[in-house]
Structure formats: C-alpha cells, structure tokens
Amino acid sequence: MNGAGEDHEGTAVRRDRFSGGPAREFLSSLAGDRRIFAADLAVDRAHVVMLAEQGIIDGETAGEILAALDDVEASGHDGLPAGEDVHEAIETAVIDRIGPDGGKMHTARSRNDEVATCIRYRLRSDLLDAIEATIALREVLCSAAEEHVGAVMPGYTHLQPAQPTTVGHYLLSYESAVARDTARLLDAYGRTNRSPLGAAAFAGTPFDVDRERTAALLGFDGIVRNSMDAASARDFLAEATGALATHAVTLSGLAEDLVLFSNRGFLELDDDYASTSSIMPQKKNPDTLELVRGVAGDAVGAATATLSSLKGLPRAYNRDLQRVHPHAFDAVDAVIDATDVAGGAVATASWDETALADAAGEGFSTATGVADLLAMAGIPFRTAHEVVATAAERFENDVSAAKIDAVAEEVTGESLFAHVSREDVRAALDPAESVASRDSVGGPAEYEVEAAVEAATDGVSADETAANERRDRIETARKTLAAEVATYV
C-alpha cells in the first residue's frame, strides 16, 4: 500500500511539473519582444487608421483604440499585462482600457501577418544603422589611405613577403570589400522593406482592406503580394544575417591584419583600442580587434541558425519562426559595434612608415618586379623567372644587379645587361621604385591610389545619399501616420 501511495504521489508531482505553467512560459516570447514593442504600436496604428478609412470600424471606435495605444506606449513594455507575445499583450492592454471594442483593433488581420510586419519594420531600421556604420568605416579607410597614399609597406601572400605595396593601396583593398558589404546590406534592406500586413493568417481576408495604404503609412516600399508568402516568408532574415555575416568576415580580416601589423611594430593602436596585461605591465594588447575578429563567429552562427531553422519548414506559418528573428537582431547589434570599433581603431592608429619601408624589401619582395622588367625587355617570362628564382635561392636577401647578371650568364649564356640597363635593374630592386612601376589600373602606384581614393570617396557619398533617402522616407511616413492618428484622437 505504501509503495502504491508513493507511486501515486510521485505521479501527482510529475503532473504538477507539467501542468501548463512551463509550457506557457516556453511558448511566450513577450520578454524577447521588447525589441519590436514600438514597431507593434506603429503597425497597430496604421491598421486601425486603415480600418476606419475603409469603413470597417467607425471613427469613434478608432479614436478610442488609438488613444488607448498612446496610453500603452506611455506605460512602456514593462507595463504590459502577461501574454503569449507582445501583440497579444498590447491588444489585452487596449481592451483593459476601453472594453470589448478594443478587440476590433484585430479585425482583418492575424498575428501571423502582424508579427511579420513588425519584424520587417524594426529590422529595416537596424539594417540602415548597419549600412551607416559601413559607410563611416569606408570614410575612415579613405581618409587613412589618402594620408598614407605613398607609404611603402610589405605585401604578403600566405603570410610570406610577396611584393611591396603601399598603406594607401592596402587600406583601399578593405574599402572595396566594405563597399560590397554596404551594397549587400542595401539589397537586404530593399527586400526587407515590403509589407506583409493584410495577408491575415496566410489566406487573405474577406474584409475590404487597403494593403497599399498600410504599407505607405508604415513607410514600406510596397507589399508582399502573395498572402501565403507574406505571412510565412523569412528569407529576408536569411539575407540580412548572411549580409551581416559577410561583413563581419571582412571586419575579421581587417582586424587580423592590424593585430599582426601591431605585432610587427608596423603600427601602434591608440590606447582607447588596446589594453595592458593584468600582470605584465610592458604589454599593449589589441583586445578590441581580437573581439572584432570574434564577432565574425557570432554572425556566422546567426546566419547558420537562421537557415537551419528555416530549412524544411512547410507553408505557411509554423511556431519555429518565433525563434528565428532574434538571430538577426543579435547579429546586427554585434556587427554594428564591431564596425564602429574597427573604424575607430583605423582612424586613431599610428603607422610607422620607417619600419614599413624597412620591411618592404624583406624576402627579396621585389623579385617579381625584376622578372617583369626582364620579360618586358624580350626575355621569355619563364626564363626570367628562373634567373630571378635562382638568384633568390642563392643570395637570399643580399641580391644585387651584379649577382642577378652572374646568374643570367649561367642560365642564358649572355649578360643580363645585353637586354636591360644596370640602372633599371637597380630601380626594380628598390621597393619604392617597384611600387611606382606598377601603375596598371587599381595598382599601388601613387597616382593610381590617389585616383582610387577619389573614386572610393564618390562611392561613399552615393551610398550615404541612398541611406539618407531611405531614412527620410521612413521619417516622412512616421509623420504622416502621426498626423492621421491625430485626426481620430
């Protein structure tokens, strides 16, 4: 009997454990929805205005609902009643204030199209923040490149000395990459900034709604036309996290380079972007850049998590989607911070141009330039390559025109100077002259870098204008919605 009683008591305890509370907490996204609280209020207002304009609800009821929403906004997210999500909690709060008519706010819509609209509404602003951060970084890279346009430095492949280049040329290589990151984010913004509102659960609504009107009031560029696609699609989150992850990888490469250059003594980070060891007082650690490098892992993880959650979901709405959008918001926050830090580090770093120039010729880095000189004089490039490679192997860093000539005599049976002058060979061996000779479009020659700085600066201005135009359209829509709301309240 005692054993049976214990079993019954144990079963009761287990039933208590699984009786509703934990499940409700697991289902609820209210705490995480703080991010889209303001977005939901905007969506509610636009929807209510449209319902009144279409005669679906009367103007007096619309005014009561909109006034209640003002009160909910003033109370803040923390003032919301308990709910499964922010959307339900706001609706409950409105009903608590004005009675059953508050439920008319939800006429002709579903939480499915509502939440999709709120996510897009908030994410588009975050994407603009990210775009503006990339633009600021590009401005810094252009400015630093212009300042160090002719500063010779070593260039590497496989982390081995390869060919000399310039600090300006190096920095612009990252400006080009970040410019593409900006373009990807602008593209992601364009596909994010479409309104799903009015799609209802997924199959539309019999009410005479005006989807284009709510889209315009909310500052969207248009609607997601197919109602099933509108309610269920989250590919815009995949695109956004993918673009953010790609940019984070660009930042990681820049951070890694600056960490290595700091180690070599090529640059010194400003104290605001470094720290000292807790035990070794002589050390200056590039901590901020190491964290920038680490953010790439977070962003790639967010993109992977987003795609993994979306993989294989059936149409139309599935609760899995509740867990997808936080990845995008986490990624955009981390990547914006990392972009700002990387920009600050570049803007305040001190480049040691003497140390860079001294290192520029290490590892016979001008070897390719010498081989090119011989090839341009008519010697087959493979023969020129063999001559220079033999000289590099035999003399390592102590290569001179005379020594290359001696090798040429062995390899070709004739003097090198039968084809090129001694002065030209000496110039090709000099890192600064080597850089100056590489004047093809996009090369490191000083005037080419100056032209590239000008072109990059023009690109920055164009993208800044594009971002400002998008920001202005959102602000104009916000003012229009506020004016429309004011006619009812």
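A residue counts as buried when its relative accessible area is under 20%, and I start there because A200, with a relative accessible area of 8%, is buried by that cut-off. Please keep in mind throughout that what we are looking at is a predicted model.

Let me say first how confident the predictor is. The mean pLDDT of the protein is 92, and 93% of its residues reach 70 or more. Residues 1–5 are another matter, since their pLDDT is below 50 and, beyond near neighbours in sequence, the stretch makes zero contacts in the model.

Now to the overall layout. The domain assignment gives domain 1 at 22–107, domain 2 at 112–206 + 225–358, and domain 3 at 363–437. Between the centres of domain 2 and domain 3, taken over C-alpha atoms, there are 43 Å, and the contact between these two takes seven residues from domain 2 and eight residues from domain 3.

What holds the interior, if we look for nonpolar residues? The largest nonpolar core has 114 residues, and the members that touch the most others are L80, I90, Y170, L218, L258 and W351. Helix α6, residues 111–147, gives the most to this core, with 17 residues, and the core draws at least three residues from each of domain 1 and domain 2. If you would like to follow one member by eye, take L218, which, leaving aside neighbours within four places in sequence, is in contact with residues that include A42, V43 and A46, then T117, Y121 and R124, and also A477 and L481. Apart from this core lies another one, of 21 residues, among them F364, L374, A401 and A408.

That brings us to the part of the chain around domain 3. The UniProt record, an unreviewed entry, places a feature called "domain: Argininosuccinate lyase C-terminal" at residues 364–436. Over those residues the chain is 70% helix and 0% strand, and the C-alpha atoms at the two ends are 17 Å apart. Within this stretch I would like you to find helix α14, residues 367–376, whose buried residues are A367, G369, V370, A371, L373 and L374. As background, an α-helix has 3.6 residues a turn, so residues three or four places apart point the same way. Which helices cover the buried residues of α14? The cover includes α15 (381–395), α16 (401–412) and α17 (422–429). Just after α14, G378 takes a positive phi of about 110°.

Next, some details of the backbone. It helps to know that most residues other than glycine have a negative phi, and most peptide bonds are trans. H158 has a positive phi of about 55° although it is not a glycine, and it lies in the loop between β1 (152–157) and β2 (160–166). A200 also has a positive phi, near 60°, and its place is in the loop between α7 (167–192) and α8 (211–217). Is each of these two residues buried or exposed? H158 is exposed, because its relative accessible area of 76% is over the 50% cut-off, whereas A200 is buried, at 8%. As for the peptide bonds, the one from R315 to A316 is cis, with omega near 5°, and A316 sits in the loop between α11 (287–310) and α12 (325–348).

I will also take you through two residues in helices. E448 is in helix α19, residues 446–486, and its relative accessible area of 14% means that it counts as buried. Not counting residues up to four places away in sequence, E448 touches D439, S440, V441, G442 and G443. E448 and A334 are 114 residues apart in sequence, and 35 Å lie between their C-alpha atoms. T348, in helix α12, is partly exposed, with a relative accessible area of 33%. T348 and V140 are 208 residues apart in sequence, yet their C-alpha atoms are 9.6 Å apart in space. Leaving aside neighbours within four places in sequence, T348 is in contact with D270 and Y273.

Finally, a word on cysteines. How many disulfides does a search of the whole structure find? The search finds zero. C118 counts as buried at 0% relative accessibility, and C142 counts as buried at 4%.

Conventions
Residues numbered from 1 in each chain as written. Predicted model: local features only at pLDDT ≥ 70, side-chain atom pairs only at ≥ 80, totals over all residues. Heavy atoms only, no water. pLDDT = per-residue confidence, 0-100. Contact = heavy atoms within 4.5 Å. UniProt positions renumbered as here; feature names shortened; annotations may be inferred. Helix = DSSP H or I, 4+ residues; strand = E, 2+ residues; numbered from the N terminus. Disulfide = S-S within 2.5 Å. Buried < 20%, exposed > 50% of the residue type's maximum accessible area, 1.4 Å probe, protein only. Core = buried A, V, L, I, M, F, W, Y, C linked by side-chain atoms within 4.5 Å. Domains from an automatic or database assignment.
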